[in-house]
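Colleague: Got a minute to go through this model with me? I'd like to start with how you sort residues by exposure.

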Amino acid sequence: CENLNRCEIYLQLTDLYLYHDLKDDSTPAKPELICPGTWTLEWKFNYKSNMKTYRMFESIESNGVTYYLTKVEISPISVRLEAFRMPQDRQKEHPNDLLESLYFEDGSILTVESESSSGVRNGIFIDSYIDVSEFGNAIDADAVKSITICGKEIKLH
């Protein structure tokens, strides 16, 4: 999907089928043709990004380990965090669910119950991703004024 913006998109669909598996894994799904025909969709992909990216160098403590938050990306449907820890801590367990809450300009708070995904590369680089399914609704990325990670509030504006 790199360099996709401002490109002409061409999509052709032929015969739409609905597959009924009848909740039975032992038999193949039964196709049902629900709409015969061919459709061609064309449009110019030209969308402005609504993601807010914040670069920083904030230290965060968790379970006796210092993490350094370097990037926060907030969009209407997700929040992504990047951090790292020192090589001598690479064997230590990393905290799950780094992001605890989002604070909005209007004073409202969105508590985050769990991450959608997270990972550690080389025992040092931490990635955390929370998507809209965890939020319940899309959020206004422009209205997020701060976040809380491991009990520490980090201002974004």
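Modeller: Sure. Buried means under 20% relative accessible area, exposed means over 50%, and partly exposed is in between. Keep in mind that this is a predicted model.

Colleague: OK, so where does Arg 80 fall, buried or exposed or in between?

Modeller: Arg 80 has a relative accessible area of 25%, so it counts as partly exposed.

Colleague: And which residue does Arg 80 form a salt bridge with?

Modeller: Glu 73, with the closest N and O atoms 3.3 Å apart. Glu 73 is at 13% relative accessibility, so that one counts as buried.

Colleague: How many salt bridges does the structure hold?

Modeller: Eight. One of them is between Lys 52 and Asp 142, where the closest N and O atoms are 2.9 Å apart.

Colleague: What does that pair tie together?

Modeller: Lys 52 is in strand S3 (residues 52–62), while Asp 142 is in the loop between helix H1 (132–135) and strand S10 (144–149), so the salt bridge links parts that are 90 residues apart in sequence.

Colleague: Are those two buried or exposed, or something in between?

Modeller: Lys 52 is partly exposed, at 31% relative accessibility. Asp 142 is partly exposed too, with a relative accessible area of 47%.

Colleague: Which residue does Lys 155 form a salt bridge with?

Modeller: That's Glu 153, and the closest N and O atoms are 3.6 Å apart. Lys 155 is exposed, with a relative accessible area of 61%, whereas Glu 153 is partly exposed at 40%.

Colleague: Which residues do shared salt-bridge partners join into one network?

Modeller: Lys 71, Glu 73, Arg 80, Glu 82 and Asp 127. So the Arg 80 and Glu 73 we started with are both in there.

Colleague: Nice. Switching to strands: what's the order in the open sheet of four?

Modeller: The order is S7-S6-S10-S11, and the pairing is antiparallel. The edge strands are S7 (109–111) and S11 (152–155), each of which pairs on one side only. From one strand to the next, the twist averages 20 degrees.

Colleague: How many bridges join S6 to S7?

Modeller: Three, and the two strands run antiparallel. S6 covers residues 99–104.

Colleague: Which residue in S7 is the bridge partner of Leu 102?

Modeller: Leu 110.

Colleague: Great, that's what I was after. Thanks!

Definitions and conventions:
Residues are numbered from 1 along each chain as its sequence is written. This is a predicted model: local features need pLDDT of at least 70, side-chain atom pairs count only at pLDDT 80 or more; totals for chains, interfaces and linings use all residues. Side-chain values use heavy atoms; hydrogens and water are left out. Two strands pair if DSSP finds at least two bridges between them. Axes are lines fitted to C-alpha atoms, for helices over the stretch in contact, and angles run from 0 to 180 degrees between N-to-C directions. A salt bridge is a side-chain nitrogen of Lys or Arg within 4 Å of a carboxyl oxygen of Asp or Glu. Buried means under 20% relative accessible area, exposed over 50%, partly exposed in between (1.4 Å probe, protein chains only).
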